Amino acid sequence: MAELFELELLGGAIERRYRKTRPEVERMPWGTLDTSGIPEPVLIAARRAWTGAAYQEHRTAVACTATLRALVEVRAPLDLIAMATRFPLDELVHVELCARMAMELGGGTEIIHDPDELVRDPDPALPPLLRAAELVTRFFCVGEALSIPLLRGTWHASRHPLPKAILGRIVKDEAAHGAFGFTFLDWVLERLGPRDLAHLGAQADIVIRAIYRQWVSIGKRKAKSSDDAHALAWMETDAYLALAERSMQRNVIDPLQERGIQISAQLATRQSAP
Ligand SMILES: [Fe+2]
Ligand SMILES: [Fe+2]
């Protein structure tokens, strides 16, 4: 079912309550971005990149929520689950921030998506604990753990106060998301056997392979002028791809393998860690 990726706010008292939970959103320097000197193709690419970022945050909101359900079902430590209940709200705020940034640049671009295909559910035939561990591995130990250094790198590179404020907020929230995955793994590992670990490794492989494919397409259409790209923080440069490769090894593959979750040799040695 193909649907347009569009968002709305209910407004009124509901929006006011939402705003109260995250007052920093309204305090960001909205309306301060002067796009008049920016070449049209750079602007369009930036609009596309920020709309894409909003959509990715939307998918992450679904991923966090699916993981939360699995954690409650398997009675993961209460304090750990309680910490993770914050994540879906964080992701919704990130959706709004990225979507508003696209609006500041002239409007969002069209994304057609299938709501049924946002995230992949684990095989229902697997035991509940392994399903929960799979979700945490795929969404947090790979997805979130990789995004933190990339967001931090983009935040450093961005120069305008608005994208800087947006990325700064996201980086702050994401630090807890990335650490969470490995904290859960450290709790769950003694409850799993060698075949379970092999399953988690195979699942991580699938996600890592998909990310490598994305990098290939980013490499093909990367920013012609990194100056313009940095001003708008739209994150498609050689430096970004180099950081992405290093981060995959250090923040994802190494910590998984340290925990006995083996990543396919072909993926793990894709780049030599410096
Ligand atoms: Fe996020
Ligand atoms: Fe996140």
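**Entry 1: a buried ring.** I began with Phe-180. Phe-180 is buried, with a relative accessible area of 0%. I note here that the model is predicted. Next I looked up Phe-140. Phe-140 is buried too, at a relative accessible area of 2%. Buried means under 20%, so both values qualify.

**Entry 2: ring pairs.** How many aromatic pairs does a search of the whole structure find? The search gives six. I picked out Phe-140 and Phe-180 among them. Their ring centres lie 4.9 Å apart, and their planes stand at 65°. Planes over 60 degrees apart count as edge-to-face, so this pair is edge-to-face. I then checked where the two residues sit. Phe-140 is in helix 5. Phe-180 is in helix 6, which covers residues 161-188. They are 40 residues apart, and the pair links distant parts of the chain. I also found a cluster: ring pairs join Phe-87, Phe-140 and Phe-180.

**Entry 3: a pair inside one helix.** I turned to Tyr-212 and Trp-215. Their rings are 5.2 Å apart, centre to centre, with 55° between the planes. This pair is tilted. Both residues lie in helix 7, residues 194-220. They are three residues apart, about one turn of the helix. Are Tyr-212 and Trp-215 buried or exposed? I found both buried.

**Entry 4: charges over rings.** I looked for charged ends above rings and noted two cases. The charged end of Arg-100 sits over the ring of Trp-30, at 4.2 Å from the ring centre. The charged end of Lys-164 sits over the ring of Trp-155, at 5.0 Å from the centre.

**Entry 5: the iron site.** Which residues coordinate the iron ion (ligand 2)? I listed Glu-91 (OE), Glu-144 (OE), Glu-174 (OE), Glu-174 (OE) and His-177 (ND1). Glu-174 is on the list twice. The distances run from 1.8 to 2.6 Å. Along the chain, the donors follow the spacing E-x52-E-x29-E-x2-H.

I then followed Glu-91. Glu-91 bridges the iron ion (ligand 2) and the iron ion (ligand 1). The two ions lie 3.5 Å apart. Glu-91 sits in helix 4, residues 86-104. Glu-144 sits in helix 5, residues 128-157. These two residues are 53 residues apart, and the pair links distant parts of the chain. I checked their accessibility last: Glu-91 and Glu-144 are both buried.

Technical notes
Residues numbered from 1 in each chain as written. Chains lettered and ligands numbered in written order. Predicted model: local features only at pLDDT ≥ 70, side-chain atom pairs only at ≥ 80, totals over all residues. Heavy atoms only, no water. Donors = N, O, S within 2.8 Å, 3.2 Å for Na, K, Ca; no water. Helix = DSSP H or I, 4+ residues; strand = E, 2+ residues; numbered from the N terminus. Buried < 20%, exposed > 50% of the residue type's maximum accessible area, 1.4 Å probe, protein only. Phe/Tyr/Trp six-rings, centres within 6.5 Å; stacked < 30°, edge-to-face > 60°. Lys NZ or Arg CZ within 6 Å of the ring centre and 35° of its normal.
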